Amino acid sequence: MDIKKIIAKLPVGYAEEAAGMDGDALRAEIIRAETSIRETEREMGADEKLQGAREIVKDLSRGYNDAKRAQRAKIAYSLHLLEERGESGVGR
């Protein structure tokens with residue numbers, strides 16, 4: 001990832017603060033950030049409202065996903081038949 005994009009995602013003032021840290025302090029920051037990520041993920045998993053919203057999205061998108069899967073299967077099978085018949089155009 002481009003360092004400019006990473007810096008843009010940092011909290012205000014963190015880049016300057018981190019630049020002044022020694023190696024041990026930077027390692028401690030990494031551990032704190034990893035711990036915070038795990039806690040946030042745990043909280044997300046326990047969020048009933050969020051889980052309910054995911055189920056709603058899953059239900060609403062099921063028909064669209066089924067349609068896309070059917071179209072991909074048509075493509076795959078048609079390509080298989082063309083290859084089986086030697087008409088795939090690959091290597092021509």
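Me: Happy to start with a pair in helix H4: by about how many helical turns are Arg62 and Asp59 separated?
Reply: Arg62 and Asp59 are three residues apart in helix H4 of this predicted model. Their side chains form a salt bridge, with the closest N and O atoms 3.3 Å apart. Because the two are three residues apart in that helix, the separation comes to about one helical turn.

Me: Thanks! Is Asp59 buried, partly exposed or exposed?
Reply: Asp59 sits in helix H4, which covers residues 48–84. Its relative accessible area is 43%. Buried would need a value under 20% and exposed one over 50%, with partly exposed in between. So Asp59, at 43%, counts as partly exposed.

Me: And what distance separates the C-alpha atoms of Asp59 and Ala18?
Reply: Along the chain, Asp59 and Ala18 are 41 residues apart. In space, the separation of their C-alpha atoms is 44 Å.

Me: What radius of gyration does the chain have, set against a compact globule of 92 residues?
Reply: The secondary structure comes to four helices and zero strands. Along the principal axes, the C-alpha atoms fill a box of roughly 65 × 45 × 20 Å. A compact globule of 92 residues would have a radius of gyration near 12 Å, whereas the chain has 25 Å.

Me: Lovely. What percentage of the residues of the chain count as buried?
Reply: The accessible surface comes to about 8,300 Å², and 58% of that belongs to carbon and sulfur atoms. A residue needs a relative accessible area under 20% to be buried. Of the 92 residues, the share that counts as buried is 3%.

Me: Which element gives the most to the lining of the largest pocket?
Reply: The largest pocket holds about 150 Å³ of space. Its lining consists of Tyr14, Leu26, Glu29, Ile30, Ala33, Ser36 and Ile37. These divide into five nonpolar, one polar and one charged. With six residues, the element that gives the most is helix H3.

Me: Is Glu29 buried or exposed?
Reply: Glu29 is one of the residues lining the largest pocket, and its side chain meets that of Arg32 in a salt bridge at 2.6 Å, N to O. Its relative accessible area is 18%. Since the limit for this class is under 20%, Glu29 is buried.

Me: One last pair: at what N to O distance do the side chains of Arg27 and Asp24 meet?
Reply: Both residues lie in helix H3, three residues apart. Arg27 is exposed at 52%, and Asp24 is exposed at 60%. Their side chains meet in a salt bridge with an N to O distance of 3.7 Å.

Notes. Residues numbered from 1 in each chain as written. Predicted model: local features only at pLDDT ≥ 70, side-chain atom pairs only at ≥ 80, totals over all residues. Heavy atoms only, no water. 1 Å grid on protein atoms, 1.4 Å probe; cavity = no way out; pocket = protein on both sides within 12 Å on 5 of 7 lines; lining within 4 Å. Points joined across faces, edges and corners; volume = space filled by probe spheres on them. Nonpolar A, V, L, I, M, F, W, Y, C, P; charged D, E, K, R; others polar. Rg over C-alpha atoms; globule rule 2.2 N^0.38 Å. Buried < 20%, exposed > 50% of the residue type's maximum accessible area, 1.4 Å probe, protein only. Areas by Shrake-Rupley, 256 points an atom, 1.4 Å probe, with all protein chains shown as cover. Salt bridge = Lys/Arg side-chain N within 4 Å of Asp/Glu carboxyl O.
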